[in-house]
Amino acid sequence: MLFDIRTHASAINFLQEFLQTDFASIEYEYIVEDNLDFNIFWAKWLDQISSISIDEIKYLAFHVTSSSNDCLEIKSNGIKNLQSVLSEKTNLKSKLQEYGVRFDIENKLLFYRQQEINIDYDKYKGHFDLSPFEKRIERVAHKIYYDFQVDAFFLNCDISNYGTRIHQRPEFLYNLVNLFPELKDMENEWIDASKGYIVTFHASFDQFAWFTFYEQDYEYQDDLEKKLKLKKWLVSRAISRIFDPPSDYSKVFAYMKPEIIILPNQIIEFQEIAKK
C-alpha cells in the first residue's frame, strides 16, 4: 500500500485501498451522512481501522532541490543530510570553497577568509544576550547541528510559495548570506546556473522522524504498538486532501531521521520545476 497525497487522485486511491471500499461510498458517507465532520467519520470506521496492519505501507514524499547538472549527485549518491553535503565531495562544498568558506563539521568550526568561527550550537541556543552577529551564527549552527536532516513534503501545492526559495538554491545559502552578505554573489551565481527539481521517493515509516506524524515524543512512544494515532493521521490527511478546498499554500511536511540517506533505488522520479 502506498500513502500518497500529492494529488487529489492519489489521495483517493490511498483511501480506497486503506478502507477497502469505493470512493463513491466514502464520498456519500463523509459529505451526506457525516456532514464533513471528520470526528464522526473516524468514530464510525474506528473498529475496522484498528484491525488494519500498516506495517507494509510505503510513504511517498518529495524533496525540492536545485542543480546545475540534472541532479547527477542525487542520482549517483542519493539525498543526504546537510552535514554530509558539507563534509563530502559535493557541488555545494566546492562552490563554498571557491568563495573561501570551509566547514569542519566534527570540530564545529567555520572558516571564512581569515576568520575561524565557533559554530557549536550549544554555545548559542537559549541565550538572549547574543550580539546581532552571534544571532546569525546561531542560525547557521542551528541548521548544521539541529535541523540538518533531509526535509521533504507529502504535499505542497505550490513550491514557489515556500518562503526560502528552496527550488532556486540550497536553503542553507540563505543562512550563510545573512551571516556574510558579501556571499550574495555566490548565491546569485548558483541561482543563475541551476534549475529547480522535485525529487519524488518512497520511504518506510521507520525512516521518518517522529515529529513528522506526532506533536509530542510521548505520543509516538505510546503509539508504537497499535499505531492508532498514526492511522488517524494518515486518514485525516487523505480526507483533507480530497475534500478541503485546494490552496496554493497547502503543505504537509515530511522530516527524515537525521542519519537517513534516501538511496538512489528509493527515488521514483525527477521533475524539473518550470521557472516563473
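Two strands are taken to pair if DSSP finds at least two bridges between them. Strands of a sheet pair through backbone hydrogen bonds, either parallel or antiparallel. Helices (H or I, at least four residues) and strands (E, at least two) are DSSP runs, numbered from the N terminus. On this basis, an open sheet of three strands has the order S3-S4-S5, with antiparallel pairing. Strand S3 (101–104) and strand S5 (115–118) form the edges; each has a single partner strand, so one side of each lacks a neighbour in the sheet. Direction ignored, neighbouring strands of this sheet are turned by 20° against each other on average.

The model is predicted: local features need pLDDT of at least 70, side-chain atom pairs count only at pLDDT 80 or more, and totals for chains, interfaces and linings use all residues. Residues are numbered from 1 along each chain as its sequence is written, and side-chain values use heavy atoms, with hydrogens and water left out.

The protein chain contains twelve helices and nine strands. Its C-alpha atoms fill a box of roughly 70 × 40 × 30 Å, taken along the principal axes. Of its 276 residues, 47% count as buried. Buried means under 20% relative accessible area, exposed over 50%, and partly exposed in between (1.4 Å probe, protein chains only). Contact means heavy atoms within 4.5 Å. Among contacts between residues at least 6 apart in sequence, 72% join residues at least 24 apart.

Within the three-stranded sheet, strand S4 (residues 109–112) pairs with S5 in the antiparallel sense over four bridges. Tyr112 stands opposite Gln115 in S5. Helix H8 (residues 132–145) lies across S3, S4 and S5 and runs at about 65° to S5. Axes are lines fitted to C-alpha atoms, for helices over the stretch in contact, and angles run from 0 to 180 degrees between N-to-C directions.

Strand S2 (residues 58–67) has two partners described here. Strand S1 (residues 2–3) runs parallel to S2 and is joined to it by two bridges. Leu2 stands opposite Lys58 in S2. With strand S7 (residues 195–203), S2 pairs in the antiparallel sense over nine bridges. Here Thr65 stands opposite Tyr197 in S7. Nine of the ten residues of S2 are buried, so the strand is largely enclosed by the rest of the structure.Helix packing follows. Two packed helices are described by the angle between their axes and the distance between the axes. Helix H2 (residues 23–33) and helix H3 (residues 38–50) pack at an angle of about 130°, with their axes 9 Å apart. That makes H2 oblique to H3 (angles under 35 degrees count as roughly parallel, over 145 as roughly antiparallel, 65 to 115 as roughly perpendicular and the rest as oblique). H2 passes H3 in a right-handed crossing. A crossing is left-handed if the near helix is turned anticlockwise from the far one by less than a right angle, and right-handed if clockwise. Ile26, Glu29, Tyr30 and Glu33 of H2 meet Phe38, Phe41, Lys44 and Trp45 of H3. These residues divide into five nonpolar, no polar and three charged. Ala, Val, Leu, Ile, Met, Phe, Trp, Tyr, Cys and Pro count as nonpolar, Asp, Glu, Lys and Arg as charged, and the others, Gly among them, as polar.

H3 also packs on helix H12 (residues 228–243): their axes come within 11 Å and cross at roughly 130°. H3 is therefore oblique to H12. The crossing of H3 past H12 is right-handed. Residues of H3 in the contact include Phe38, Phe41 and Trp42, and those of H12 include Leu228, Val235 and Ile239. By class, the contact of H3 with H12 has eight nonpolar, three polar and two charged residues.
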